[in-house]
Structure formats: structure tokens, C-alpha cells
Amino acid sequence: MIELKEVGSTNEYIKEHVNELDNFECVFTSNQTKGKGRTGHTWESEPNKNAAFSILIKDDKIIKKFNLISIVTSVVVAEYLQNLGIDEVSIKWPNDVYIAGKKVCGILLEGSLPNYMIIGVGINVNQKDFNGFSATSIKNVIGMKIDPKLVAIDVSDALKYSVQNLKDDLSDYIEEYTELDYLLNKTISFNYDGELLEGIAKGIDFDGSLKVMCNNKLINVSSNEVNLVRKI
């Protein structure tokens, strides 16, 4: 693991040094100043309070499963939190992990396919306040401080093992994801193909897409097609 005292973004660091880094190299910092989320959002984090890490993947077989890696990553993070004794852990499609309805982890997959991909993970570890955002941290829930680096080591090791041993059949991950699905059977509003629609979330499919019952028809939408607007 490469540890950086401060960096704008661990994902961006890997992009800038991709030719120098080995397959499955992990870059960690507890002080990420320009963290990124999906669709251009920023990931705000207090210095030295949280864990941000990114894993570089250069394995062709894994890169081909790009759309499914967020499922595996979400489940691995959720399992880590549950192993800490935390209840009410859930996963909000496509890339957020929640505790009691508040965001504790964000996941961002990027890359230059088919050459490489990056799994970026940000976990709120010791931060107390979130400036009005609906977010929480591990410390807020369990009442004790944890070293962000140890969190990153445990989660990244579990994630690398899961990804390296990934089978074509993801039924176990899909089943666990479904049990933790934050949106399941909830009414959602979303932008789809330039139109604001409303429907009932019906879980995820084996390709990682979200199934939505909309206008009495079940449709599948991918994360690059949909921007969730709100939950009713």
C-alpha cells in the first residue's frame, strides 16, 4: 500500500502514475482534498479523519466485469461494517453504503478501458459533523475512534481478494446486495433519457442495472443512464 500524507484524489494519483504502478496497487490517504463522487459531485472530508483509497486493476478478466465491480465493492464494505457489530447497514444503488439511512461510504469506479480500471473508496471513519449533510461515520455509530489506515487495509485486502477470486456467477453477491438494498420497493423519481420519471425500485439485475417498475412496465436502467432525483 502506498500511503500519501495528502493528495487531491487517490483516483487521480493513480491515473497520473498508472504506468509506474503494479496491478492491484493500493493508494491510501487520510487527507484527500479534492475527492470525487459520481456525476461531478465532490467528496468532502475533514483532514486525517477518514479513509480514502484506490485500487488499480490491470487484469483484463476483471476489467471486463467493470459494471459488476461496484456490486462486489459495496458488499465488501457492508460486510466490514457488519463485522464491526454495526446494524442497519444498507447499500443504495449504485455506489453508496449507508448506516441507518445516512451515507458512510462512497464508491467511484473509473478507468481507461480496456487498459485499466480504478476502484475508488471513501469511508467516513472518525469525522463527527457533516455540515447538514445526511452522513455519518463509524465513530459516530460505535462510539470509538479507529485508525483510518487500518480501515483501509482491512477493506482493501478483503476487496482485492474478492475481486481476484471473482467468478462469472455473482449470485451470492447479488443475493447479499438484495438483502441490504436501500431502495428496494421504494418509490423513486429519476431522470431517464431526458425525462423525469417515477417508479418502484425492484432490485438489481445480474448486470448491475437497476430494475424499476415504471408505468406498469419493468425496465432496466444503468448507472450512466440514470440520475436519481429523490426518494418519496
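**Walking from a cis proline through a seven-stranded sheet**

Let's start at a loop. Pro-94 sits between β6 and β7. The bond leading into Pro-94 from Trp-93 is cis, and its omega is near 0 degrees. Keep in mind that this is a predicted model. Why pause on that bond? Because most peptide bonds are trans.

There is a second one. Leu-113 and Pro-114 are also joined by a cis peptide bond, with omega at about 5 degrees. Where is Pro-114? In the loop between β8 and β9.

Two backbone torsions also deserve a look. Most residues other than glycine have a negative phi. Glu-88 is not a glycine, yet its phi is positive, at about 55 degrees. You will find Glu-88 in the loop between α3 and β6. The other case is Ala-100, whose phi is positive and near 50 degrees. Ala-100 belongs to the hairpin of β7 and β8, where two residues lie between the strands.

Now the sheet itself. How many strands does the open sheet have, and in what order? Seven, running β1-β2-β5-β9-β8-β7-β6, with mixed pairing. Which strands stand at the edges? They are β1, residues 2–4, and β6, residues 89–92. Each has a single partner strand, so one side of each has no neighbour in the sheet. On average, neighbouring strands are turned by 20 degrees against each other, direction ignored.

Let me go strand by strand, starting from the β6 edge. β6 pairs with β7, residues 96–99, in the antiparallel sense, over four bridges. Within that pair, Ser-90 has Tyr-98 of β7 as its bridge partner. One helix covers this region: α3 packs on the sheet and touches β6, β7, β8 and β9. For your viewer, β8 is 102–112 and β9 is 116–123. The direction of α3 makes about 150 degrees with that of β8.

Next pair. β7 and β8 are antiparallel too, and four bridges hold the pairing. Ile-99 faces Lys-102 of β8. Then β8 and β9. They run antiparallel and are joined by eight bridges. Opposite Leu-108 stands Gly-120 in β9. These two strands also form a hairpin, this time with three residues between them.

Back to α3, residues 66–83, because it also meets other helices. Take α6 first, residues 171–179. The two axes come within 10 Å and cross at roughly 60 degrees. That angle makes α3 oblique to α6. For reference, roughly parallel would need under 35 degrees, and roughly perpendicular 65 to 115. The crossing is left-handed. Who makes the contact? From α3, Ile-71, Val-72, Ser-74, Val-75, Glu-79 and Gln-82; from α6, Tyr-173, Ile-174, Glu-176 and Tyr-177. Sorted by class, that gives six nonpolar, two polar and two charged residues.

Now α5. The axes of α3 and α5 also come within 10 Å, and here the crossing angle is roughly 135 degrees. These two helices are therefore oblique to each other. Left-handed or right-handed? α3 passes α5 in a right-handed crossing. On the α3 side, the contact uses Val-72, Thr-73, Val-76, Val-77 and Tyr-80. On the α5 side, look for Val-151, Asp-154, Val-155, Ala-158, Leu-159 and Ser-162. The class split is eight nonpolar, two polar and one charged. Note that Val-72 appears in the α6 contact and in the α5 contact.

Last topic: salt bridges. How many does a search of the whole structure find? Five. One to show is Glu-3 with Lys-149, whose closest N and O atoms are 2.9 Å apart. This pair links distant parts of the chain, 146 residues apart. Glu-3 lies in strand β1, and Lys-149 in helix α5, residues 148–164.

To recap. An open, mixed sheet of seven strands. α3 packed on it, touching β6 through β9. α3 oblique to α6 and oblique to α5. And two cis bonds, one into Pro-94 and one into Pro-114.

How values were computed:
Residues are numbered from 1 along each chain as its sequence is written. This is a predicted model: local features need pLDDT of at least 70, side-chain atom pairs count only at pLDDT 80 or more; totals for chains, interfaces and linings use all residues. Side-chain values use heavy atoms; hydrogens and water are left out. Axes are lines fitted to C-alpha atoms, for helices over the stretch in contact, and angles run from 0 to 180 degrees between N-to-C directions. Angles under 35 degrees count as roughly parallel, over 145 as roughly antiparallel, 65 to 115 as roughly perpendicular and the rest as oblique. A crossing is left-handed if the near helix is turned anticlockwise from the far one by less than a right angle, and right-handed if clockwise. Contact means heavy atoms within 4.5 Å. Ala, Val, Leu, Ile, Met, Phe, Trp, Tyr, Cys and Pro count as nonpolar, Asp, Glu, Lys and Arg as charged, and the others, Gly among them, as polar. Two strands pair if DSSP finds at least two bridges between them. A salt bridge is a side-chain nitrogen of Lys or Arg within 4 Å of a carboxyl oxygen of Asp or Glu.
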